[in-house]
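Visitor: I have not seen this structure before. Please show it to me and take me through it in questions and answers.

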Amino acid sequence: MTKLFQIADLHFGTEDRHLVDAFVDLCNASRPDAVIAAGDFTQSGRKSEFDAAARFLGRLDPPVVGIPGNHDVPSRALHRRFTTPWRRYERSVGRHMASSLEDGALHIEGLRTARRAQWQPDWSLGRIGRPSLGRALDLLAERDADLRVLTCHHPILAPGGNRGRARTARAGTSVTTIAEHCDLVLTGHLHETFALPAEGPSHTCWFVGAGTTFSRRTRGEPAGVNVLDISADTIRVTHHVADEDRPAFIVRDSRVLPRREGQY
Ligand SMILES: [Fe+2]
């Protein structure tokens with residue numbers, strides 16, 4: 001059994017500090033095999049926000065795999081955004097986590113979908129780069145671990161389809177290839193928890209979105225974290241949310257997802 005914590009959209013700068021403490025306690029007590037942080041560590045890409053995010057990561061006992069989100073490039077200092085977009089990220093949170101992990105039966109690869117700038121007006125949207133996706137999938141295929149996980153910030157399959165709030169460029173045309181090579185795809189950005197399947201050749205690949213973990217930027221659902229318990233046959237997703245009355249996480253619901261069609 002493998003246990004993963006899926007967190008996203010931490011948005012340091014707008015975090016609830018008491019909930020940050022509650023998360024650290026829950027995570028370290030649960031001893032997951034890895035924490036997967038699906039981007040947007042900061043609100044505006046400020047140094048002070050990255051420093052706070054780095055201090056948070058330094059308190060976690062399990063290994064952390066993470067990739068940046070669209071909020072992790074400086075939003076005000078435009079010269080930095082264009083010349084050294086990821087420097088603050090690499091020098092702060094980047095030192096406390098890896099962009100991939102291979103550990104026994106578990107293989108996680110990170111994919112960057114956030115961009116410093118784009119040829120369209122909404123720079124918050126994600127884009128899948130063909131070469132970087134190809135590299136990540138090649139690595140996953142090469143090792144062929146029992147549990148192959150891809151993580152990126154922007155959703156690839158999302159509720160409402162790719163014409164809703166997600167609109168990640170090349171997502172629609174990438175789903176089949178990704179489902180062939182992955183068992184799980186963990187994303188953030190929408191601040192919405194969901195699980196959607198796509199069939200691979202002999203397995204079901206689940207695309208799972210997480211809400212914001214402990215920021216005040218909630219959109220229609222409370223802050224929370226996904227805890228995934230994965231066996232050979234199933235993935236149990238337990239959605240913990242912030243309690244309304246005290247800084248603590250409580251279980252809101254738990255879903256069992258089959259890893260093969262018609263299996264459950
Ligand atoms: Fe985002």
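Guide: Two strands pair if DSSP finds at least two bridges between them. Helices (H or I, at least four residues) and strands (E, at least two) are DSSP runs, numbered from the N terminus. The model is predicted: local features need pLDDT of at least 70, side-chain atom pairs count only at pLDDT 80 or more, and totals for chains, interfaces and linings use all residues. Residues are numbered from 1 along each chain as its sequence is written.

Visitor: In which sense do strand 8 and strand 9 pair, and over how many bridges?

Guide: One bridge joins P197 to its partner W206 in strand 9. Strand 8 and strand 9 pair over six bridges, and the sense is antiparallel.

Visitor: Which strands are the edge strands of the open sheet?

Guide: The open sheet has six strands in mixed pairing, in the order 4-5-6-7-9-8. An edge strand pairs on one side only, and here these are strand 4 (100–103) and strand 8.

Visitor: Which strands does helix 6 lie across, and at about what angle does it run to strand 8?

Guide: Angles run from 0 to 180 degrees between N-to-C directions, with axes fitted to C-alpha atoms, for helices over the stretch in contact (C-beta atoms, placed from the backbone, within 7 Å). Helix 6 lies across strand 6, strand 7, strand 8 and strand 9, and its angle to strand 8 is about 85°.

Visitor: Why are the buried residues of helix 6 on the same side?

Guide: A residue is buried if 20 or more other C-beta atoms lie within 10 Å of its own, exposed if 12 or fewer, and partly exposed in between, with C-beta atoms placed from the backbone. In helix 6 (residues 171–181) the buried ones are A171, I178, A179 and H181. They lie on the same side because the directions from the helix axis to their C-beta atoms cover an arc of only 150°.

Visitor: Which exposed residues does the face turned away from the buried side of helix 6 carry?

Guide: The buried residues of helix 6 pack against helix 5 (130–143), strand 6 (147–151), strand 7 (184–187), strand 8 (194–199) and strand 9 (204–209). The face turned away from that buried side carries exposed residues, T173 and T176.

Visitor: How many other C-beta atoms does T84 have within 10 Å?

Guide: T84 is placed in the loop between helix 3 (78–83) and helix 4 (87–91). T84 is partly exposed, because the number of other C-beta atoms within 10 Å is 16.

Terms used
Two residues are in contact if their C-beta atoms, placed from the backbone, lie within 7 Å.
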